[in-house]
Amino acid sequence: MTAVIPPEWGKSLPPDTTEVGMEENLTNRIVEVQETIQRCILSASGWRGVFALDGNEESRVPHISRAYQIISYLAGDLFAEHLQKEQPETPVTVVVGVDTRPTGPAIASCIIRALLQRGCRVRYTHIIAAPEIMAYSRIAGEKKEVSGFIYVSASHNPIGHNGIKFGRTDGGVLSATEMAPLIAEFRGRLEAPEYIEKAIQGLADPSLHGRFLAVLSESTKYKEEALAAYEVFTRHVISGTEDSHQQQKLFAILRETLTTTPVGILIDFNGSARTCSIDRAFLENLGCRVTVMNEKPGAIAHRIVPEGESLEPCRIKLEELHAEDPAYIIGYVPDCDGDRGNLVIWDDQMQQARSLEAQEVFSLCCLAELSYLVWSGELQYDNKGNAQKKVAVAINDPTSMRIDRIARVFDVSVFRAEVGEANVVSLARQLREKGYVVRFLGEGAAGGNITYPAAVRDPINTLAAILKLLLIRKTEGRSGLFDIWKELSEQQDNTAETYSLSHILATIPSFVTTSAYNPEAILRIKTQDHSRLKATYQKIFNKEWEERRSELAQRYGIVSWEAIAYNGTEERRNLSRFEEAGRGGLKILFKNQEGKEIAFIWMRGSGTEPVFRIMADTEGKDPRMERDLLFWQRKMVEEADVLAGST
């Protein structure tokens, strides 16, 4: 697999040759940059905006405005300075890569120029998946070859969007705590004439041309290094060990089962960065049958976010493949940077292909990886069924409570952080420092899982969890993964020798959960002060609770509630003042007469999109309870927005 450099790469950035004087030019540029940055969202998950020159979020235009050129340059410059301060004695080397959005090369061009101007070395990989660049940076970092990475992507956002992510060599992006001072410094520099002037001059500096072309000429070399590092790291993640002998034993078991129980996998790449990654070769080498669609890099065929309608082409194609070859039972669709991939499966019971909800995928992987801990011997129990070491799962605040139910079966603790992959990864690190084993973590509402030692979601790891669940079967004297789950959850009645994903899904605790991308769960609020919004919401909720408490008790068994705030890695329970949640997540947790947690409603403003999200999670199979609580939540938040905005 080699990187492909388009012939027009870098030519979209001519020097600024305007005839006006520098002072007038600079003044105009500062105003333009300020207006542009106001339309962006800066968070630990990425600095994002609509970079396409025409301002259309669905645009396929490859060019970016002069303001975005300056913003991109100064972002690279700031991160380079940050790394140089951390390691003043050694040269800084930064890995730079892009997903397949049209504006990626133009943004990367500005960043590379800034890094070179700072005296940094640059390893440019061109198109690369997010988990791949993070694995490469981690492995190269362990060898003291690189200092960090900059990745150009807007993940699941529409094609005209783009963004910039920063990370060191620990396998993930900078945490929210690390990012906060960088964001503050960055905003300050965008208002400073000397920095805007520095960017203008740096972008037009002819002395960089030779070094810039040299960086491009080496991209194939570094892309090949990244692919090799990513495969090594992926084998480590899937097996849970760096011991190559133990890895070989696991993969031999999977291959052997695949000879008698073949599995076919359909990949709808949707033109994403995973078109240039290890997916197809890795799965075929494992012994899976693989078919791909939309495999041309950048040929994005449908909506990027892998939810709902985006899964339909894959679902339809999987049905066709299954009719020809019953081995085809799984399909997946990644987002543009390839760090998540939601699934479609062949459902034996329904006799048709269906899309799995994000929370279903996450729950399935949680079950698989906790079972794998038991199977591998890392998680053992005493004669009373108590775990003999501290094991935890780290998730975000809107993740369904079905994870709590699964974890309880394994005697595993559950900890929650605010939405944001960086928050969950940081929480997991804190738990490991306290002596917990944390193999499984992630954000249930987004689908896909993070499997330690990875620090980012990865569809290969999601698939591997499910394949282990299907293929590590009962042998003489040893239970398979599904058997372990059935035994611990006391579902031994389900004793079929042959089983499918639909059989396994039927054993997972039942919950109805709002999809993060359901239109009814997305609001456009006017109130900018989310503390005020939540304070107003509290008054409305208290009034509504008194009016509805009898009905809620009679209809759903809800008799009490608890407010919980999530900010970064901190969870604060029994919140008395909702406004203390600030811009973080706010959850109302509902309990029954016995004090059992049976449902929740939740809210939070997105850190990567200009939207406000709400959701409901309810135990059982009746969708009416989830619908009722969701629309109740929507009504209260909308009313709070109106009242908060009028005061």
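**Group meeting: a five-stranded sheet and two unpaired cysteines**

Good morning. I begin with one pair of strands: β9, residues 328-334, and β10, residues 341-347, run antiparallel and are joined by 5 bridges. Within this pairing, tyrosine 332 has leucine 343 in β10 as its bridge partner. Please keep in mind throughout that the model is predicted.

These two strands belong to an open sheet of 5 strands with mixed pairing, in the order β8-β7-β9-β10-β11. Which strands form its edges? They are β8, residues 289-293, and β11, residues 352-355, each of which pairs on one side only. From one strand to the next, the twist averages 20°.

The sheet also has a helix across it. Helix α15, spanning residues 459-471, lies across β7 (264-268), β9 and β10. Relative to β9, helix α15 runs at about 160°.

I turn now to the cysteines. How many disulfides does the model contain? The count comes to 0, the criterion being a pair of cysteine sulfur atoms within 2.5 Å. Cysteine 365 is in no disulfide, and the nearest cysteine sulfur, that of cysteine 366, is 8.9 Å away. Why does cysteine 276 form no bond? The closest cysteine sulfur to that of cysteine 276 belongs to cysteine 336 and is 11 Å away, which is too far for a bond.

Are these two residues buried or exposed? Cysteine 276 counts as buried because its relative accessibility is 11%, and the cut-off for buried is under 20%. Cysteine 365 is also buried, with a relative accessible area of 0%.

Finally, I should like to place these details in the chain as a whole. The secondary structure of the protein chain comes to 19 helices and 22 strands. Its C-alpha atoms fill a box of roughly 80 × 65 × 50 Å along the principal axes. The radius of gyration is 25 Å, and this agrees with a compact globule, because a globule of 647 residues would have a value near 26 Å.

Burial and contacts complete the description. Of the 647 residues in the protein chain, 61% are buried. Taking the contacts between residues at least 6 apart in sequence, 71% join residues at least 24 apart. The accessible surface comes to about 25,300 Å², and carbon and sulfur atoms account for 49% of that surface.

To close, I return to the starting point: in the sheet order, β9 and β10 stand between β7 and β11, and helix α15 lies across β7, β9 and β10. Thank you.

Note on methods:
Residues numbered from 1 in each chain as written. Predicted model: local features only at pLDDT ≥ 70, side-chain atom pairs only at ≥ 80, totals over all residues. Heavy atoms only, no water. Buried < 20%, exposed > 50% of the residue type's maximum accessible area, 1.4 Å probe, protein only. Pairing = 2+ DSSP bridges. Helix = DSSP H or I, 4+ residues; strand = E, 2+ residues; numbered from the N terminus. Axes fitted to C-alpha atoms, helices over the stretch in contact; angles between N-to-C directions. Contact = heavy atoms within 4.5 Å. Rg over C-alpha atoms; globule rule 2.2 N^0.38 Å. Areas by Shrake-Rupley, 256 points an atom, 1.4 Å probe, with all protein chains shown as cover.
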